[in-house]
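Thanks for opening this one up with me. Here are some notes to read alongside the model, point by point.

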Amino acid sequence: MLTEKELRTQAAAAVTAVHETTPLAGSITNFVTIDFVANAQLAVGGSAAMVYLPDEGTALAIAGQSMYINVGTLLPVHERTVPAAMVQLHRSAKPWVLDPVAVGLGELRTKLLSTARNCPPAIIRGNASEIIALAGLWGLNGGSAMSQVRGVDSTDTVRTALDAAVSLARFTGGAVAVSGAEDLITDGTCALYCNGGSPMMERITGCGCSLGGVIAVYAAVVSPLIAAFCGTQLII
Amino acid sequence: MLTEKELRTQAAAAVTAVHETTPLAGSITNFVTIDFVANAQLAVGGSAAMVYLPDEGTALAIAGQSMYINVGTLLPVHERTVPAAMVQLHRSAKPWVLDPVAVGLGELRTKLLSTARNCPPAIIRGNASEIIALAGLWGLNGGSAMSQVRGVDSTDTVRTALDAAVSLARFTGGAVAVSGAEDLITDGTCALYCNGGSPMMERITGCGCSLGGVIAVYAAVVSPLIAAFCGTQLII
Amino acid sequence: MLTEKELRTQAAAAVTAVHETTPLAGSITNFVTIDFVANAQLAVGGSAAMVYLPDEGTALAIAGQSMYINVGTLLPVHERTVPAAMVQLHRSAKPWVLDPVAVGLGELRTKLLSTARNCPPAIIRGNASEIIALAGLWGLNGGSAMSQVRGVDSTDTVRTALDAAVSLARFTGGAVAVSGAEDLITDGTCALYCNGGSPMMERITGCGCSLGGVIAVYAAVVSPLIAAFCGTQLII
């Protein structure tokens, strides 16, 4: 278990490492907040590249140091691109961030999120309802297929997602970041609650997505838990 | 016919209702201004969700209280998604806003806008040229297939679109909002002219689209005419 | 060869001509910076319209006075739309700007950029690595297929791209704009270096794309070299 001092030391080292190495964290992400994600990644010192075609997803998984996959605004081409990238990332043992936005809406989204179970992401970032629903989809403790994701909004509080988040983190061996009025980060062993966000953030589209993209940048240089912590502390 | 006092009272009630119920107004909209639409909807107190796949369009038409359909930046998938959503909205008797952007450009756009005639929107929002051209496409009085929509810009003034707007409103039984230097709103019986916009708004992409998205939020809680009025008063 | 005075006079005349004629410069461009491109084009006095479907690309090539084609965030539909637009622009002898973003990533991008060789753009705008790689792809002097385009970032300095830029400009008979810490503009005969940019611009996605879109607006009213100069002076 990390002490607070170790946490701070590792986070500071990660920030420095990103500035020094400009890691490339490619994205397959939604059209609503795609520029916000890119700009947030650039702002923290990373490099961004967004793709949709299958061979480009695979190439970016190989070329980059990490990746951000967000299942918002799906098109037919995502059916091939997302699994191809996930499989390549898994093969290359590259860290990647999964953003299960609007889990439960539509067949393709469910299919892609089910596939992710077989090539687990280093970090999962979502709101409370998405985390509970994903744990439900993956058949894990704390999950519920009945979690009501209303469009892209959460109808659950962050703390009600603790069991689901811990289950997901233990299953993936990585970390989970639950976004909300306060943010929860867990690696399945320790749980951190981060304050400092604003209720206004729910009224601005892409705060969660850009957090996911930034976590992907940090995941290129540090452990999933610290990457999630760095992103959350910077964005909130 | 509404008195000004009734108009103001109903508009104030609609603003309150949106704040209290956070209606979900899903969108199928163009990629240029998709974040502006979402942020405008969130800013007035609504909930936003954007989709492109056919089953997601249908699901969102069912899950939401209203919808915004903008035919900009079409992809092949729109051929199935847009009609599926329109039909579902019609069946569910849910209010939706049609934004006939760039009507006349391309075969698919014409096909989708012709389909809309069979499952009429509660509100149509466009610039003067788009409103005249849509009335022409639907064979209504005041319309003209010859209306010159130049790309996405209007080459007609708002007042020249009055007949077309009235015809469209009477045909749909809803309301029409014509955007320009001044804005015209009509339900086919009364016509309101709203001032307060800025010539700068023509130089910022998405002012019209975000207005359409906001009207969709209000349409979830109030009549088409008042919804169009609320959106127009807030955006200009 | 232009004198500095002639350059300034022609640039001033181009700015006036754009304000007076509001040229329509349609775009086929990436989803990351599509709103930035549109807003930049509107800000300088042009008219913008973005499309993805093949018949719309062709129609816009006919309806507009110039066009901007950026090969970022490709979808399957680009395989038909981009060549159709290029061929139409070539037939109509309309000026267009090519932005070879991320050249080398993926099969479709390479195919589209190879096609562009047969219907040459009036202006090519890219970072140093993209310009060197494109010259390499087209088999021109100064080019290198080995130029390392890292995602969408340049790993070469602007001055190292001089030979490639000159070769491309001579091949197309147009102009080339190389973006970076300083900007290089050449028509194959003279080479201008423009200062005034900021290192911050590398940290904001779309500065290059919006420059390309703006150059397309000016290309509607003036020679490729002056169009590239106008855009560069306005954006940096």
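1. In which helix does S129(B) lie? The residue belongs to α6 of chain B, the helix that covers residues 128-137. Please keep in mind while reading that this is a predicted model.

2. Is S129(B) buried or exposed? Its relative accessibility is 0%, so S129(B) counts as buried; the cut-off for that label is under 20%. The side chain of S129(B) has a polar partner, since D156(B) offers its own side chain for a polar contact at 2.7 Å.

3. Chain C gives a fuller view of its own helix α6. Of the 10 residues in α6 of chain C (residues 128-137), eight are buried, so the helix is largely enclosed by the rest of the structure. Those buried residues are A128(C), S129(C), E130(C), I131(C), I132(C), A133(C), L134(C) and A135(C).

4. What do the buried residues of α6(C) pack against? Their neighbours in chain C are the strands β4 (96-99), β5 (123-127) and β6 (175-179), together with the helices α5 (107-116) and α7 (162-172).

5. Both ends of α6(C) deserve a look. At its start, N127(C) places a side-chain oxygen within 3.1 Å of the backbone nitrogen of S129(C). After the helix comes G139(C), which has a positive phi, near 70°.

6. Now step back to the arrangement of the chains. A turn of 120°, with a shift of 0.0 Å along the axis, lays chain A on chain C with an RMSD of 0.0 Å. The two copies are thus related as by a three-fold rotation axis. Which residue of chain A comes closest to that axis? It is F31(A), with its C-alpha at 3.8 Å.

7. Next, the contact between chain A and chain C. Chain A brings 25 residues to it and chain C brings 20. Of the interface residues of chain A, only 12% are also interface residues in chain C, so the copies meet through different surfaces.

8. How much area do chain A and chain C bury between them? The figure is about 1700 Å², with 62% of it on carbon and sulfur atoms. On the side of chain A, L42(A), L53(A) and E56(A) supply 27% of the area buried against chain C, more than any other three residues.

9. E56(A) appears again when we turn to charge. Its side chain meets that of R109(C) in a salt bridge, at 3.4 Å from N to O, and the count between these two chains is one salt bridge. Five residue pairs are also in polar contact across this interface.

10. Which elements give two or more residues to the side of chain A that touches chain C? They are α2 (34-43), β2 (47-50) and α3 (54-63) of chain A. With five residues, α2(A) gives the most. Sorted by class, this side has 15 nonpolar, seven polar and three charged residues.

11. The contact between chain C and chain B can be read in a similar way. Here 25 residues of chain C touch 20 residues of chain B, and the buried area is about 1700 Å², 62% of it from carbon and sulfur atoms. In chain C, the residues that lose the most area to chain B are L42(C), L53(C) and E56(C), which together make up 27% of what that side buries.

12. What joins E56(C) to R109(B)? The pair forms a salt bridge whose closest N and O atoms are 3.4 Å apart. Between chain C and chain B the count is one salt bridge, and five residue pairs are in polar contact. The elements of chain C that give two or more residues to this side are α2 (34-43), β2 (47-50) and α3 (54-63), and α2(C) gives the most, with five. By class, the side holds 15 nonpolar, seven polar and three charged residues.

13. One last stop is V87(A), in helix α4 (residues 78-91) of chain A. With a relative accessibility of 33%, V87(A) counts as partly exposed. How far apart are V87(A) and M201(A)? They are separated by 114 residues in sequence and by 33 Å in space, C-alpha to C-alpha.

Note on methods:
Residues numbered from 1 in each chain as written. Chains lettered and ligands numbered in written order. Predicted model: local features only at pLDDT ≥ 70, side-chain atom pairs only at ≥ 80, totals over all residues. Heavy atoms only, no water. Least-squares fit on C-alpha atoms with pLDDT ≥ 70 in both. Contact = heavy atoms within 4.5 Å. Buried area = accessible area lost by both parts, 1.4 Å probe. Salt bridge = Lys/Arg side-chain N within 4 Å of Asp/Glu carboxyl O. Polar contact = N/O pair within 3.5 Å; in protein donor to acceptor, adjacent residues only side chain to side chain. Helix = DSSP H or I, 4+ residues; strand = E, 2+ residues; numbered from the N terminus. Nonpolar A, V, L, I, M, F, W, Y, C, P; charged D, E, K, R; others polar. Buried < 20%, exposed > 50% of the residue type's maximum accessible area, 1.4 Å probe, protein only.
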